[in-house]
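Colleague: I am new to this structure and should be grateful for a guided reading of it. May I put some questions to you?

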Amino acid sequence: MPFVGNPEPSAGHPRTLLVDNYDSYTFNLLQLLIQQCLAANHQPDTHILVIRNNQYTWTYVKEQILPHIDNIVISPGPGTPEKEEDFGICRNLILYSNLPVLGICLGHQGIADCFGGRVVRAPVPVHGQRCLVELVVDDSELFQGIPREFMVVRYHSLVIESSDQLEILAQAKGQVVAWNQGIEYTETRDVMALKVAGKPIWGVQFHPESVCSEYGDRIVANFHRMTPTGQLNRIPEHVCRLSLSAADRRKWAVDGMQETVNCANRWSVVRRIVQLADDSDAGDMFAALFGNRRMPLWLDSANAGSKSHNNNLSIMAPGAGGSVTVRYNLRSRTVSVLRFSAENSADDQVLATEHLDGERSFWTWMQQMIDCTQGTANAEHGLEFIGGWVGYFAYEMASECLESCGHPGIYNDADAPDAQLTFVDRCVVVDHRTQPPCAHVMALVNEPGRHRNSSGIASDCGAEPEWTAGLGFPDAAQANAWVAATADDVSQWISVSSKKSSIPSSQSPENTDDAVDVDFVPSHSRAEYLDSISAAKDLITRGESYEICLTNQFHVQLPRNKTIRSFRDILRLYLSMRQTNPAPYGAVLWYDDLKYGVASCSPERFLRVEPDETTDSRRVEMKPIKGTCRRDPVPKDPELYNSWAEEDNRRKEILQADVKERAENLMIVDLIRHDLNWIAKNAQVRVPGLMLIESFSTVHQMVTTVDALVDRRISHIGALAHCFPPGSMTGAPKLRTTQIISALETQPRGAYSGCLGYFSACGKYSDWNVVIRTAVVHSKGSAISVGAGGALTILSDPKMEWAEVETKLWSAVPGIKGYIRQEN
């Protein structure tokens, strides 16, 4: 086969083809390439083309793309380069492009396989560990300016055996942590870098793009420096349109948009502020205001004020009455728009139904609805939420946003929709940031025809459904009346709150095992779960995944007198859980027609979007949790406190230093950086807080903060969908691992492992949790399910993994037992 490409050298920045092998770290390589491009004062869009390894045929790539490319970077990925389904066109690119090639991990292994080497299982698989690499060649151009020894992050279960066509440039040095029926330390000398003799083809086994690797930018700069550049120093526009990013912009209708369009409803906000007492309990206030309503909503910051948990708003809304709920079923691909009566289910209305055909997804459908219901009202008094969409996306919604995921045929029951979002047009928002806290009573007034985009230019969506005209109050007088009445209710509650509680508080969680017998039945027994762990570790050993987040569901059949029939019942359940496990991203949602609800005490933020204060961009923040240890309750006896505190600190220190837990966290951090780099503006992704310990009532957790600046044209739901499902609930690489999870778990996760939160009607803010530490009420209110699991790596001890599942389950168990123990 003849060589193709552009061998003629000339000055300028290289035009790079980045080939993605369906990995979850590829766009971190893109970040390095973008940074090099910007440093050279060139536009990334005209110098970097990203395609998947099977997106186009080899013939098409050879004829239509390679003539406009100067060098090629081949990404990591799952599987082995010996399989075409794992490596796609990459083999042909290595053998026949006649261009400089840099292969990372799987790409590195593929280079060896093409030139006489062998790809074999590593004696010691290494995933997420920071390791020492030693250069064994003094004058390698790829490592020019880099010390002889430096630290890198490794993610690999396969290694290469060299051949006489390959020159070894670097090897592993020092010890790594290994698993051999227990944790042990061992030394490896695996090949870490190579060059093909006589050809400009290099490979590195480690991951230079990891946040914890050294000199990744220098390696990419050296690769570019060794690349002859073409006469036309940019990729033509018609070729740029072949990139993954161009296809993504078309899918989300980003091109041509000045920013997210606000259509049809320009909101004015009627507001009244009521000052609360310092010790006001949001749970008691919510119960007093809305506890007897049919379908109220509550997003609860139960431990507001904690320095480490930066969610300090509690959002309360009456729900049914004036609001509209959008509901989606994946099996039928049907969207239903419903208005629920405040009193009688016989008066519920179906406003619209729509079947989604072809490639259209609920994510893009919902984006249109958000566009049609976002106004340009400013956040009131610094409050991010003034009203808007509140609800959840179930884990199975991954099949409509994770490209090529498909659907494994595992569906939720019809009574457990895959997504539900309610438009809140009246609410009480408690701001815990002030001392004393304040209750902001707000209502939205619908003023159609007065909508404008942020430039002040009138905008007309032109395609808004008729039902959106009925959202909000039709005039300010009615809105004022509701706000005044509700503010009076808040004031009245303040005056009596010190005397009694609207909902009886839960009994003490102590001795719950003796007080009530509750049988939590797992979907997979302990033996079955341990078998799944063994199967998962085998897949990791074969290179199919780096980390697999395996979960289990525990089911409780409620006693007949404890069946959850109304919101008041599920509120009792949530308040009992909240007492034993308060959390910054708590919530209680109830869908009365289905007798289905979610009571969540989640400690984990999935994704938050807000305006950036210094630029015209949006800032996206994610806070993945990976790494958990159990925490004992604070003793009531003061004499026991010092010994308790000493043991508590010891557990935190052990967690902080644990190699396995740090590897778990790092793998997800790099995955999340990848997700954000896909939508980031000029690769502006940061990790401002890496592997910090946050403490909750029942556990210590290792938490990392990752943030990014994204273009304002990226919508809030677009940002959410690009990062869904939460990486802390999948593992990495995300696509291959979700497929593995479906095969191992064989059941839907439902709301558990999905996300829950809001899109604010002001169009500036959204905030979503990861649905963990959560009780899901189903089977017409007769049963509760609690999901729990853990991240499996090559270092996982199956028995310890089961113990971690029990630790996470225990965060919800006392509250559920407390609910069952309560007197009716």
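Modeller: Certainly; accessible areas come from the Shrake-Rupley method with a 1.4 Å probe, and for residues only the protein chains shown count as cover. This is a predicted model, in which local features need pLDDT of at least 70 and side-chain atom pairs count only at pLDDT 80 or more, while totals for chains, interfaces and linings use all residues. Residues are numbered from 1 along each chain as its sequence is written, and side-chain values use heavy atoms, with hydrogens and water left out.

Colleague: What area does the protein chain expose, and what share do carbon and sulfur atoms supply?

Modeller: Buried means under 20% relative accessible area, exposed over 50%, and partly exposed in between (1.4 Å probe, protein chains only). Of the 824 residues, 64% count as buried. The chain exposes about 30,100 Å², of which carbon and sulfur atoms supply 46%.

Colleague: How many helices and strands are there in the protein chain?

Modeller: Helices (H or I, at least four residues) and strands (E, at least two) are DSSP runs, numbered from the N terminus. By that rule the protein chain has 20 helices and 35 strands.

Colleague: Why is helix H20 described as largely enclosed?

Modeller: Helix H20 spans residues 813-821. Its buried residues include Lys817 and Arg821, as well as Val813 and Ile816. The helix is largely enclosed by the rest of the structure because the buried residues number nine of the nine.

Colleague: At what angle do helix H1 and helix H6 pack?

Modeller: Contact means heavy atoms within 4.5 Å; Leu32, Leu33 and Gln36 in H1 meet Gly216, Asp217, Val220, Ala221 and His224 in H6. Axes are lines fitted to C-alpha atoms, for helices over the stretch in contact, and angles run from 0 to 180 degrees between N-to-C directions. The axes of H1 (residues 26-39) and H6 (residues 216-225) are 10 Å apart, and the packing angle is about 65°.

Colleague: Is the pair formed by Tyr641 and Trp644 stacked, edge-to-face or tilted?

Modeller: Rings of Phe, Tyr and Trp (its six-membered ring) pair if their centres lie within 6.5 Å; planes under 30 degrees apart count as stacked, over 60 as edge-to-face and the rest as tilted. The count by this rule comes to 30 aromatic pairs. For Tyr641 and Trp644 the ring centres are 5.4 Å apart and the planes stand at 40°, so the pair is tilted.

Colleague: Where do Tyr641 and Trp644 lie, and is Trp644 buried or exposed?

Modeller: Both lie in helix H15 (residues 641-657), three residues apart, about one turn of the helix. Tyr641 is partly exposed, with a relative accessible area of 38%. Trp644, at 12% relative accessibility, counts as buried.

Colleague: Which peptide bond leading to Pro733 is cis, and what is its omega?

Modeller: Most peptide bonds are trans. Pro733 is in the loop between strand E31 (731-732) and helix H18 (734-745). The cis bond runs from Ala732 to Pro733, with omega near -5°.

Colleague: What is the phi of Arg773, and is the residue buried or exposed?

Modeller: Most residues other than glycine have a negative phi. Arg773 lies in the loop between strand E33 (766-770) and strand E34 (774-778), and its phi is positive, at about 50°, although it is not a glycine. At 8% relative accessibility, Arg773 counts as buried.
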